[in-house]
Structures are given as structure tokens and as C-alpha cells.
Amino acid sequence: MSAFDTFTALHVPGDPLIIYNCWDPGSAVAIAKAGAKAIATGSYGAAGSLGFGDGEEVPLDLVFDNAKRIMNVVDVPVSIDFESGYARDAAGITANLAGLAATGAVGCNFEDSVIGGDGVYPIATQADRVAAARKGAGDAFFINARIDLYLRAPADQHDASMLDETVDRAAAYMAADASGIFVPGLRDTTAIAEIVKRTGALINVIPGPGAPTRPLADAGVARVSYGGSPWFAAMAWLEEQARPAINWKG
């Protein structure tokens, strides 16, 4: 079984793949030692570890280099948070995804937010971008198409119309040959279960702080990711450890 097949097979609705996101080779090794079946980066932590802000500020050659370095030190499939593809046009998306696939990564997150702009791409535009990503990445590559509607709106604005648009976007992205659908920012398990039911897609979500995985599994999700929270927790711990040492008075 190829690494692509192994990674895809780990996405089981009701028995989700757990991704505790890394940011560099050292964090990837630690997470692999904990028993991870696959490794995936989170763009916020990866950018921060390289001295950049999130939102495609990291030069593309460094993104590829970080991916290769991670794959050199772990023996499990590796997926890369590729944000919005580091391009707006189809040709750029295709070229960049080909470059990412050439690193040996088995998949990526690919979001519909307009980096450097407002909101999300129109459904048809983003579907074309997903198709362009597939063209560049190849048939086996796992494209986790991210829908950012819930992420961009406060919880009190999450309503039925947003759920309907999420389902519509998921259908369009899957028709454009996405492998799965990522819906960050949504914590309501009833709504998550409805999206799973109506799309029939492999759904990825991020749990709330301290939230158990079992209700998400019962909702039918196929992947649970932790996004930037491992990076934030690690940096907070490091600061906590450093402060008394630095301020030691003898």
C-alpha cells in the first residue's frame, strides 16, 4: 500500500484520524513518538517557528524545505497546511501544488479564504482552484478542502444558512476532486453530524479547548485536527519554564 493509500485509509467516519499538528522536524518527532499514525503541520506554528506571521508570509521555498525536513525524520505520512495555495490564479495553484507534491507530502489543507483580501472565494471560483490543485498534485494526493465560513464568523452568527452554504461548498469542492472537507470553527456536534450526513464526505474538524473526541466521532467525522493549539501550548510552556530561570536572583 502506498503512503497515499495508507493516509487516506486512516480517515474513517466514526473512528477519526487524530492529527496533533506539528510545526517543524523536532515537534514532528515528538508527536510521532507519542504514537501518531500521521503527521500534519499547522500553518500558524510553522510560520512562527521560521520567524514569520501566518497568512502565506513564509517564502514558498522555506515551506517546501520545512516539509522535506519533517519527512526526513518521521516514518509516517505527512500532510502540509498549504493555506490558500500561495497563489490566486489556477496556473499558480497548479504549479505550487506540483511543487508541494514533489516534496513527498501525501496531502495538504487547501482553504477558501482569500489571503490578503476579504472573505472567502465564490464557490465556483474556489471549485476551479480545487481542480487546479488536483491537476498539480496528482490523482492520489489528499486535498483536504477547507471551508472557512464558520472560522470567520462568531458563534452567535452560525445559523442554518451557513450550514446550507457549507454543504453547497463541500459538494462543489468534492465535484472538483477534493479528497475531504475541513470545517474549522464549528463546534456544534449536531450541525457537524448534519454536514456529514448531507455531504457524504470525509469531514475534518477542530475540537474546542479541552473538548473530548468521542462526541465528534459519534457525529461521524473522519479526522480531528488541533490546528495552532499545540504551538500556542508549547510556546506558553517554554515561556513559563524560562521566566524563573532568567529571573533567578541567587
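**A friendly note on two pockets and a helix**

1. A good place to begin is the second largest pocket, whose lining consists of Ala9, Leu10, Val12, Asp15, Pro16, Leu17, Ile18, Gly35, Ala36 and Lys37. Please keep in mind that this is a predicted model. The volume of this second largest pocket is about 150 Å³. Sorted by class, its lining holds seven nonpolar residues, one polar residue and two charged ones.

2. Gly35, one of the residues lining that pocket, also leads to the next element to look at. Gly35 follows helix 2 and has a positive phi, near 110 degrees.

3. Now to helix 2 itself, which spans residues 25–33 and has Ser27, Ala28 and Ile31 buried. These three residues lie on the same side of helix 2 because they cover an arc of only 105 degrees around the axis. In general, an α-helix has 3.6 residues a turn, so residues three or four places apart point the same way. Among the elements covering the buried residues of helix 2 are strand 2 (39–40) and helix 4 (60–73).

4. Next comes the largest pocket, with about 500 Å³ of space. Its lining is made up of 30 residues, and those nearest the centre of the pocket are Ile206, Tyr226, Gly227, Gly228 and Ser229.

5. Which elements each supply at least two residues of the lining of the largest pocket? They include helix 3 (43–49), strand 4 (107–111) and helix 10 (229–246). As for the classes, the lining of the largest pocket has 13 polar, 11 nonpolar and six charged residues.

Definitions and conventions. Residues are numbered from 1 along each chain as its sequence is written. This is a predicted model: local features need pLDDT of at least 70, side-chain atom pairs count only at pLDDT 80 or more; totals for chains, interfaces and linings use all residues. Side-chain values use heavy atoms; hydrogens and water are left out. Buried means under 20% relative accessible area, exposed over 50%, partly exposed in between (1.4 Å probe, protein chains only). Helices (H or I, at least four residues) and strands (E, at least two) are DSSP runs, numbered from the N terminus. The arc is that of the directions from the helix axis to the C-beta atoms. Contact means heavy atoms within 4.5 Å. On a 1 Å grid over the protein atoms alone, a cavity is a set of points where a 1.4 Å probe fits but cannot get out, and a pocket is an open set with protein on both sides within 12 Å along at least five of seven lines; lining residues have an atom within 4 Å of a point. Grid points are joined across faces, edges and corners, and a volume is the space filled by probe spheres set on the points. Ala, Val, Leu, Ile, Met, Phe, Trp, Tyr, Cys and Pro count as nonpolar, Asp, Glu, Lys and Arg as charged, and the others, Gly among them, as polar.
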